Amino acid sequence: MFIQLILFLFPWKIRKFFLRILLNFDLDENVKIGYSIVLAKKVILKKNAKIGHFNLVKSIDILYLDENSKIGSRNWITGFSVTHVKVRKYSHFSHIDNRQCILSIGKNTSITNYFDCNGGIYIGDYCTIAGFETAFMTHSIDLKNNRQDTSPIRIGNYAFVGARCTILKGAILPDYSVLGACSLLNKQYNTPGLYAGNPAKYIKSLENYKYFEREYGFVK
């Protein structure tokens with residue numbers, strides 16, 4: 001963290017050079033990271049990917065942004081890396097094989113809000129995680145077995161998630177789908193359409209929506 005704070009004093013081109021050299025960030029052409037702290041074991045930003053200001057990314061294994069994707073401003077992205085000292089000390093998630101603490105963002109996708117990456121969050125291409133106060137929660141306490149448990153969350157291509165939603169571990173929102181504002185998604189669905197409610201349920205199909213036909217990333 002100290003290195004990144006010091007680098008805030010310099011223009012982006014100089015910061016980018018030292019992030020590559022000192023922290024092994026994998027940064028393609030025309031990428032940019034604002035005044036944000038990124039504490040991930042591996043950071044990969046593809047062409048034109050951007051991270052806004054005042055974000056905190058900590059204790060995750062991989063942060064991956066594909067081409068033309070964007071993390072907005074004032075977001076909290078966190079987890080327990082598989083090598084984190086507390087994971088080893090307290091045996092968090094030790095019953096889960098091949099766990100990945102990762103945030104993976106597809107091409108032309110824009111996200112904001114809170115992301116608990118312990119079980120892995122995989123967001124597809126051309127998606128929008130919109131508004132404020134949406135939380136992605138990949139872990140919780142397994143009350144029956146008295147242990148920490150986690151499962152990945154998957155958001156399909158061309159999906160839209162409204163404001164103030166909660167997405168729980170193991171949930172899947174299909175391709176070409178919308179999760180309405182203030183909804184709780186706690187199940188795996190595979191039929192494209194509108195989902196809403198607490199818990200979220202399939203409401204209707206969404207046909208002939210231009211959002212699902214975009215060839216560019218961000219809605220103007």
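Contact here means heavy atoms within 4.5 Å. Every view below comes from a predicted model.

**View 1. Gln-4, tucked into helix 1.**
Start with Gln-4, which sits in helix 1 and counts as buried at 7% relative accessibility. Setting aside neighbours within four places in sequence, Gln-4 is in contact with Leu-19, Leu-23, Phe-25, Ser-36, Ile-37, Val-38 and Leu-39. For a distance to check in your viewer, try Gln-4 and Phe-18: they are 14 residues apart along the chain, and their C-alpha atoms are separated by 9.3 Å.

**View 2. The largest cavity and its lining.**
Gln-4 turns up again here, as one of the residues lining the largest cavity. The count comes to one cavity of 30 Å³ or more, and the volume of the largest is about 50 Å³. Around it you'll find Gln-4, Leu-7, Phe-8, Arg-15, Leu-19, Phe-25, Ile-33, Ser-36 and Val-38. Helix 1 (2–7) and helix 2 (12–23) are the elements that give two or more residues to this lining. By type, the lining splits into six nonpolar residues, two polar and one charged.

**View 3. Asn-24, a positive phi just past helix 2.**
Asn-24 belongs to the loop between helix 2 and strand 1 (26–27). Its phi is near 60°, a positive value in a residue other than glycine. Is Asn-24 buried or exposed? With a relative accessible area of 62%, Asn-24 is exposed, since the cut-off for that word is over 50%.

**View 4. Thr-109, with a relative accessible area of 0%.**
Look in the loop between strand 8 (102–105) and strand 9 (110–111) for Thr-109. This residue is buried, with a relative accessible area of 0%. Its side chain reaches the backbone oxygen of Gly-124 at 2.7 Å. Beyond the neighbours within four places in sequence, Thr-109 is in contact with Asn-68, Ser-69, Lys-70, Ile-123, Gly-124, Asp-125, Tyr-126, Cys-127 and Phe-218. Gly-124 therefore appears in that contact list as well as at the other end of the 2.7 Å pair.

**View 5. Asn-118 and its side-chain partner Asp-116.**
Asn-118 is in the loop between strand 10 (114–116) and strand 11 (121–123), and it is buried, with a relative accessible area of 3%. Which side chain does the side chain of Asn-118 join in a polar contact of 2.6 Å? The partner is Asp-116. Leaving out residues up to four places away in sequence, Asn-118 touches Thr-78, Gly-79, Phe-80, Phe-93, Arg-99, Gln-100, Cys-101, Thr-138, His-139 and Thr-150.

**View 6. Glu-133 and Arg-164, a salt bridge between two loops.**
The structure holds three salt bridges, and this is one of them: the side chains of Glu-133 and Arg-164 meet at 3.0 Å, N to O. Glu-133 lies in the loop between strand 12 (128–129) and strand 13 (135–137), and Arg-164 in the loop between strand 17 (160–161) and strand 18 (166–168), so the pair ties together parts that are 31 residues apart in sequence. Both Glu-133 and Arg-164 are exposed. Keep an eye on the backbone too: phi of Arg-164 is near 60°, a positive value in a residue other than glycine.

**View 7. Two more salt bridges, Lys-169 with Asp-149 and Arg-147 with Asp-142.**
Lys-169 forms a salt bridge with Asp-149, the closest N and O atoms being 3.5 Å apart. That pair links distant parts of the chain, with Lys-169 in the loop between strand 18 and strand 19 (172–173) and Asp-149 in strand 15 (residues 147–150), 20 residues apart. Lys-169 is partly exposed at a relative accessible area of 26%, while Asp-149 is buried at 17%. In the other pair, the side chains of Arg-147 and Asp-142 meet at 3.7 Å, N to O. Arg-147 is partly exposed, with a relative accessible area of 36%, whereas Asp-142 counts as buried at 16% relative accessibility.

**View 8. The cis peptide bond at Pro-199.**
Going from Asn-198 to Pro-199, the peptide bond is cis, with omega near 0°. Pro-199 lies in the loop between strand 22 (194–197) and strand 23 (200–204).

Terms used:
Residues numbered from 1 in each chain as written. Predicted model: local features only at pLDDT ≥ 70, side-chain atom pairs only at ≥ 80, totals over all residues. Heavy atoms only, no water. Helix = DSSP H or I, 4+ residues; strand = E, 2+ residues; numbered from the N terminus. Buried < 20%, exposed > 50% of the residue type's maximum accessible area, 1.4 Å probe, protein only. Polar contact = N/O pair within 3.5 Å; in protein donor to acceptor, adjacent residues only side chain to side chain. Salt bridge = Lys/Arg side-chain N within 4 Å of Asp/Glu carboxyl O. 1 Å grid on protein atoms, 1.4 Å probe; cavity = no way out; pocket = protein on both sides within 12 Å on 5 of 7 lines; lining within 4 Å. Points joined across faces, edges and corners; volume = space filled by probe spheres on them. Nonpolar A, V, L, I, M, F, W, Y, C, P; charged D, E, K, R; others polar.
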